[in-house]
Amino acid sequence: MQNRHNYQGVYLTGLAVLFFALTVWIRFRLSSVPLERDEGEYAYMAQQLLQGILPYSETQSMKFPGIYFVYAGILTLFGESPSAIHLSLILFNLATAFILFLLGRHLLNLTAGVFAAVSFSVLTLSPEVQGLWANSEHFVLLPALAGILLLLVMKGGPAKFFLSGILLGSSLLIKQHAVFYCLFGAFYMGFRFLSRTQSLKIRDITLFAVGGIIPLLLTLILYSLSGHMAQFWFSTVQYASEYVSLTSFREGYENFKYSFARILEYNFSILWLALIGLASIAWVKDKKERFVFLFSFFIFLFLAITPGFYFRPHYFLLWIPALCLLAGAGVESLVYGLSSPKIKNFTRTVVIFVALAIPFLLQKDIFFNMTPFQVTRMVYGLNPFAESLQVASYIREHSSENQKVAVLGSEAQIYFFSNRKSATRHIYMYPLMERHVYARGMRSELVREIETNQPEFVVIANLGGSWVSQRPYIPPTLNDWSQVYLKHNYEIRGVVDIRAGQKSVFKWDEEAKSYNPKSRYHLLIYKRRS
Amino acid sequence: MIIKDLRIIIGFLFVGMVTWWGISVVQDERQHTQSVSFNERGNILSGVGRYDAAIENYQRALSIKPDYADAYNNLGNALRQKGQLQESAANYKEAIHLNPNLADAYGNFGIVLTELGKFNKAIERYRFALSLNPELYQVHNSLAILLSQGGDIDGAIRHYQQAIELYPGFGKAHNNLGSTLAGQGKFKEAINYFEKAIQIEPGYVDAKNNLELARSLLK
């Protein structure tokens, strides 16, 4: 019997090592994918933070500030290149997988814990959740899951509740969506308190709540003291609440369906096991309490991806831990009825191997053949992420450190790579284009700030992705203003012609003046006349 | 025992249903991706005036995804450009039927109804388009033209002004507002709008003629 268990342990360890090694190798191989626009925003804000400029004081963003502090840490410890940022993600991802393993082992058993952790690593690698890019969701997961793990384990004094609260509260500071992780924590504490399965005291609940509030409270104090409370409040609360009410339920369902379908198509084996895990509530008799955890975790984490009904691919990263734990339960429930331990172990090993191998098989081109540039094109189309590096490099070489830049488009990575300040607080054009009460005011503010600050360079991004528009042009009001403004004060210095299936064409200085882009997707770089 | 069996059956039924749903959404997504690319291709062709080829692409998009409201709307636009007004109207109707919140389709339907001489119905559609999206400056302008023709000068002026406020570079709206004001005898104000229209579009012949006329009448 002991031997059988040892063999099972050896197989399991071997599989885990194999798949973890594969995911880490792929992340290394593709670590040089260029920064996409969200990463660009985080990196630019972090760069500003490291120069002593508090987020929101000079820049508008609806995200909570935690992610900028995380990025500031990454830039300091790992460096400022895209590779450095993406390599840091490997550490976060492995650490999160380890926490998930502990959760799975505690809730279910060793096999389920290992499977949950490895499948987390595999699912979060998928281009369908934009997993290769260091989106804020990756960084929410580590503190949020650690906080939940602390709630789950029996050992430890009252301090663990306080620490759990702090961790969950910190995850909320990284992305507002994490509020559902916090609510899950509160729900689970309430459940254990009411069901008396753990000797919880009111004191423990209070400590948890106080810990949860502290990170947000400290942030509010920081902004009050610095005198930027109004900007912080407007960006993260007033505008953010407009942002989450723009999409109808019907559009939301379409968004969910199409994003989820793509994830499902390439990772169906793991997700099907999660479904089995969910359904196994019906037939697994013992340990009902764990299913309360798993089921409510599944629901709360699903809610975490719903705010605004956008269901962007990377939002799904927040749901994945629950799906992976359920997949772990699914593996166990599949072998639940088997009486022979030998067959049980064999079946379990085969199921785990097949479930994990299928996503690699279906995405083999991306994982093993494509270059980082090709992968970026495949995931983000003709967005100018790779091109931004050269544009930023030109700007850096042709401007001094204190000169400013304006990008008419949502390409904050250009500010970051050029290490130049934005001439406007609007580094993202989406809020200016959406239908809400502040949009028109924001557009006027952008025009006013650019005219006042007179940036050395103005970059125009002629592509829909930069303007949250189906059509690859900038809106008429800004277009008209920019044409007149640029005509009188600027001259064209660069054109980047972004073409499908071909390398982008870069034209600089004299060549740029006589070049007409062939593609509808292009960047125009203007320099202020001396 | 019976209860346990029943629970297992319910569990399997649940797995079966969700699996079926999963397969259908994956298929739906594949079709969606295909039809979106046909629709996009249609838009590109429409943009360069190749309406026959555009229509073919929109129809292919719709053959894959028959409930694609945007493609019906775009098909309606291409048919309208070709002068096939009845067919165009039918496509806008279908787009609206599939997506009652598609403001663009109401606006476009209004244009085709205007061209068909059904002014009251067109006004209705324009108003509905604006209730869904008040930022459609072209619809404000189109509605104002019809209101002006119908004698509702105040309403027309209000909508021209809204069009200009939304898009200050909208030369036509400046010229139209100028004409409406001139019709009211407000030549000084009208001249300002004609001048602005010419400033925006230096080759705008109508605005130049209107400006000359307004100046002569002011004297």
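Colleague: How far apart are the end C-alpha atoms of helix α13 of chain A?

Modeller: This is a predicted model, in which local features need pLDDT of at least 70, side-chain atom pairs count only at pLDDT 80 or more, and totals for chains, interfaces and linings use all residues. Residues are numbered from 1 along each chain as its sequence is written, with chains lettered from A and ligands numbered from 1 in the order in which they are written. Helices are DSSP runs (H or I, at least four residues), numbered from the N terminus, and the expected span is 1.5 Å times one less than the number of residues. For the 15 residues of α13(A), residues 320–334, that gives 21 Å, which agrees with the end C-alpha distance of 20 Å.

Colleague: How many residues of α5(B) are buried?

Modeller: A residue is buried if 20 or more other C-beta atoms, placed from the backbone, lie within 10 Å of its own. The helix is largely enclosed by the rest of the structure, because the buried count out of its 13 residues is eleven.

Colleague: Is Ile123(B) buried or exposed?

Modeller: Ile123(B) lies in helix α6 of chain B. Its C-beta neighbours inside 10 Å number 21, so Ile123(B) counts as buried.

Colleague: Which residues is Ile123(B) in contact with, leaving aside neighbours within four places in sequence?

Modeller: Two residues are in contact if their C-beta atoms, placed from the backbone, lie within 7 Å. With those sequence neighbours left out, the partners of Ile123(B) are Leu143(B) and Leu146(B).

Technical notes. A residue is buried if 20 or more other C-beta atoms lie within 10 Å of its own, exposed if 12 or fewer, and partly exposed in between; C-beta atoms are placed from the backbone. Helices (H or I, at least four residues) and strands (E, at least two) are DSSP runs, numbered from the N terminus.
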